[in-house]
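Biologist: Hello! Could you walk me through this structure, one question at a time?

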Amino acid sequence: MLTLMQLPYEYNALEPVISKQTMTFHHDKHHQAYVNTANELLEGTDYEEKECPKCLLKDIDNITDDEDKKQKLINNLGGVLNHNIFWKTMTPGGSSEPVGDLKEAIDKKFGSFEEFKKEFETAGKGQFGSGWAWLVLNDDELEVISTKNQDNPILEGKQVLLGNDVWEHAYYLDYQNARPKYLEEWWKLVNWDVVEDRYQEGGSCK
Ligand code: MN
């Protein structure tokens, strides 16, 4: 059974970049709904006791042959996993720059941290409708991608280092339709120590 991850900080801790109101709805309503629906879908299967959304997503083809149910599971397990990653990626006040080996890898791949940020923001802006922008490891290679809905990059065999939620529920109360502004402000919250740890471990574990 999946459970709703507790936020590692207070609801108002990410202000002014993300308001308490957004955090409350996003975590208590949206994230909770993904947990509840995923649990309902898994009920009665051999997988109902499992607690790791990433493991379940990797095993998706074994859980059910029903294509409709499979898609619903991808949506909702992804919804659980993506938000777990998202909350852990942020910290009040952030940490302004990547560190260590990750910094070197970013500079090597994108030219500079600034160039990387630009590419990431472009991916987030360019994602039509709901989805996510990601920094992933594709084998050992850094890559910026976007995905639709709640698709997690693990579905393409890619490991997440960093992800930003570009669903309207993530920013509309604070930025209305200005997704580019949200993407730009969001860097102030990123905990690069966590991202560096994921890089060392070959991707986010949950
Ligand atoms: Mn969301």
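Biologist: Does Glu-156 count as buried or partly exposed?

Modeller: Keep in mind that this is a predicted model. Buried means under 20% relative accessible area, and exposed means over 50%. Glu-156 has 46% relative accessibility, so Glu-156 counts as partly exposed.

Biologist: Which residue forms a salt bridge with Glu-156?

Modeller: Look for a partner whose N atom comes within 4 Å of a carboxyl oxygen. Here the closest N and O atoms are 3.2 Å apart. At 11% relative accessibility the partner counts as buried. The residue is Lys-158.

Biologist: In which helix do Lys-117 and Glu-114 both lie?

Modeller: Their side chains meet in a salt bridge, at 3.5 Å from N to O. Lys-117 is buried at 15% relative accessible area, while Glu-114 is partly exposed at 48%. The two are three residues apart, about one turn of the helix, and that helix is α6.

Biologist: Which residues are the protein donors of the manganese ion?

Modeller: The donors follow the spacing H-x56-H-x81-D-x3-H along the chain. They lie 2.0 to 2.1 Å from the ion, and they are His-26, His-83, Asp-165 and His-169.

Biologist: How many residues apart in sequence are the parts that His-83 and Asp-165 tie together?

Modeller: Both His-83 and Asp-165 are buried. His-83 lies in helix α4 and Asp-165 in strand β3, so the pair ties together parts whose separation in sequence is 82 residues.

Definitions and conventions
Residues are numbered from 1 along each chain as its sequence is written. This is a predicted model: local features need pLDDT of at least 70, side-chain atom pairs count only at pLDDT 80 or more; totals for chains, interfaces and linings use all residues. Side-chain values use heavy atoms; hydrogens and water are left out. Donors are N, O and S atoms within 2.8 Å of the metal (3.2 Å for Na, K and Ca); water is not among the atoms, so sites may look incomplete. Helices (H or I, at least four residues) and strands (E, at least two) are DSSP runs, numbered from the N terminus. Buried means under 20% relative accessible area, exposed over 50%, partly exposed in between (1.4 Å probe, protein chains only).
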